[in-house]
Amino acid sequence: MKLARFHLPTGPVRLGRVDGDLVTDLSEEFGTSLRALLPELPALRQRIEAARGPRHHLSEVVLDAPVDDPQKFLGIGMNYREHAEEARQAGIPVPTSQLWFNKQVSCIAGPTDDIVKPDLSEQLDYEIELGVVIGRRCKNVSAEDAPSVIAGYLVANDVSVRDWLQKRSPTFTLGKSFDTHGPIGPWLTTADEVPDPHALRMTLSVNGEVRQDWPTNDMIYNIYEQIAYLTQVFTLMPGDVLATGTPSGIGAPTGNFLRVGDLVHAEIEGLGALENRIVAEG
């Protein structure tokens, strides 16, 4: 099942179920908050699948970020073997344990929203990532039990301002949290439709040129290990988004950064695609 938040060009945000090229409006029966629905999703599944609200073609609506107002948006650094080797060759130490950082939730953008290039940076970079959405409140979860707390998956682009990451801030958070620098979507694909999240192909292109093309089985720490690690420390809440790492091919090693006017297409097998234009600030 694929669940989206969307709006018509002149209307409010709605909650919908995506079936092929159509989205069925679920708002009258289930409200407009996907985050609020997540803990009850297993019990409500049959009702949601049977719901028959107004239907719209996807070409007629604007898709919003599927998760509304998550409490946390977390990312893990250098979690793909080839990407870690890229970093090592660039003189960046490869971490010996999971390296997590915050992306402030104010950076979240929709799957077709513009990405703003800050005036203060010439090093705007892309990072396609498999996003995991937590379905229920959980703490001290074992890796074996981690699949039970996952509501579903989506595509994420961990947009990064490299000059802030490398020179202006001693932590990752500022360079990862500029407004619009967290596109997610295009919808939430529920976990039952993803038999093995570690067997998906991720591709990212800029203006049609493929920059990243890699399988998710190259993760150093798999998704379940990530959840187990984090929940030793704090409680994960329904709607929390985990960006699980990016593969090789980012712009930083070559200096091939994003420019105003570029179109970034990020796609994960079976989960859909983001398509975001780079625009100038202001």
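This section describes the fold of a predicted model, from the whole chain down to single residues.

The chain has seven helices and 19 strands. Its C-alpha trace spans about 55 × 45 × 30 Å along the principal axes. A compact globule of 282 residues would have a radius of gyration near 19 Å, and the 18 Å found for the chain agrees with this. Of the 282 residues, 54% are buried. Contacts across long stretches of sequence are frequent: among contacts with a separation of 6 or more, 76% link residues 24 or more positions apart. The exposed surface amounts to about 12100 Å². Carbon and sulfur atoms supply 50% of that surface.

Strand 14 covers residues 182-190 and is mostly covered. Nine of its nine residues are buried. Three pairings involve this strand. Strand 1, residues 2-7, pairs with strand 14 in the antiparallel sense over two bridges. In this pairing, Leu-3 stands opposite Leu-188. Strand 8, residues 108-109, runs parallel to strand 14 and is joined to it by two bridges. Here Ile-108 has Gly-182 as its bridge partner. Strand 12, residues 150-157, runs antiparallel to strand 14, with four bridges between them. Tyr-153 is matched with Thr-189 of strand 14. Strand 14 also holds Pro-186. The peptide bond from Gly-185 to Pro-186 is cis, with omega near -5 degrees.

Helix 3 packs against this part of the fold. The helix comprises residues 41-50, and Leu-41, Leu-44 and Ile-48 are buried in it. Seen down the helix axis, the buried residues fall within an arc of 70 degrees, so they line one face of helix 3. An α-helix has 3.6 residues a turn, so residues three or four places apart point the same way. The face turned away from the buried side carries the exposed residues Pro-42, Ala-43 and Gln-46. The buried residues of helix 3 pack against strand 14 and strand 1. They also pack against strand 2 (14-19), helix 1 (27-30) and helix 2 (34-37).

Helix 7 makes a separate set of contacts. In this helix, residues 223-231, the buried residues are Ile-223, Gln-226, Ile-227, Ala-228, Leu-230 and Thr-231. Their packing partners include strand 12, which is also joined to strand 14. The other partners are strand 6 (73-77), strand 7 (99-102), strand 11 (128-134) and strand 17 (241-243). Asn-222 caps the N-terminal end of helix 7. A side-chain oxygen of Asn-222 lies 3.0 Å from the backbone nitrogen of Tyr-224.

A histidine also meets the start of helix 7. His-198 lies in the loop between strand 14 and strand 15 (201-206). His-198 counts as buried because its relative accessibility is 14%, below the 20% cut-off. The His-198 side chain reaches the backbone nitrogen of Ile-223 at 3.1 Å. Beyond residues up to four places away in sequence, His-198 touches Asn-222, Ile-223 and Tyr-224 among others. Its contacts also include Thr-216, Asn-217 and Met-219.

Two loop residues have positive phi values. Asp-69 sits in the loop between strand 5 (62-64) and strand 6. Its phi is near 50 degrees, a positive value in a residue other than glycine. Asp-69 is exposed, with a relative accessible area of 59%. Asn-207 occurs in the loop between strand 15 and strand 16 (209-215). Asn-207 is not a glycine either, yet its phi is positive at about 55 degrees.

Leu-8 lies in the loop between strand 1 and strand 2. This leucine is partly exposed, with a relative accessible area of 33%. Leaving out residues up to four places away in sequence, Leu-8 touches His-56, Glu-60 and Val-61. The C-alpha atoms of Leu-8 and Ala-84 are separated by 42 Å. Along the chain, these two residues are 76 residues apart.

Definitions and conventions. Residues are numbered from 1 along each chain as its sequence is written. This is a predicted model: local features need pLDDT of at least 70, side-chain atom pairs count only at pLDDT 80 or more; totals for chains, interfaces and linings use all residues. Side-chain values use heavy atoms; hydrogens and water are left out. Buried means under 20% relative accessible area, exposed over 50%, partly exposed in between (1.4 Å probe, protein chains only). Two strands pair if DSSP finds at least two bridges between them. The arc is that of the directions from the helix axis to the C-beta atoms. Contact means heavy atoms within 4.5 Å. The radius of gyration is taken over C-alpha atoms; the globule rule is 2.2 Å times the number of residues to the power 0.38. Accessible areas come from the Shrake-Rupley method with a 1.4 Å probe; for residues, only the protein chains shown count as cover. A polar contact is a pair of N or O atoms within 3.5 Å; within protein, one must be able to donate a hydrogen and the other to accept it, and residues adjacent in sequence count only if both atoms are side-chain atoms.
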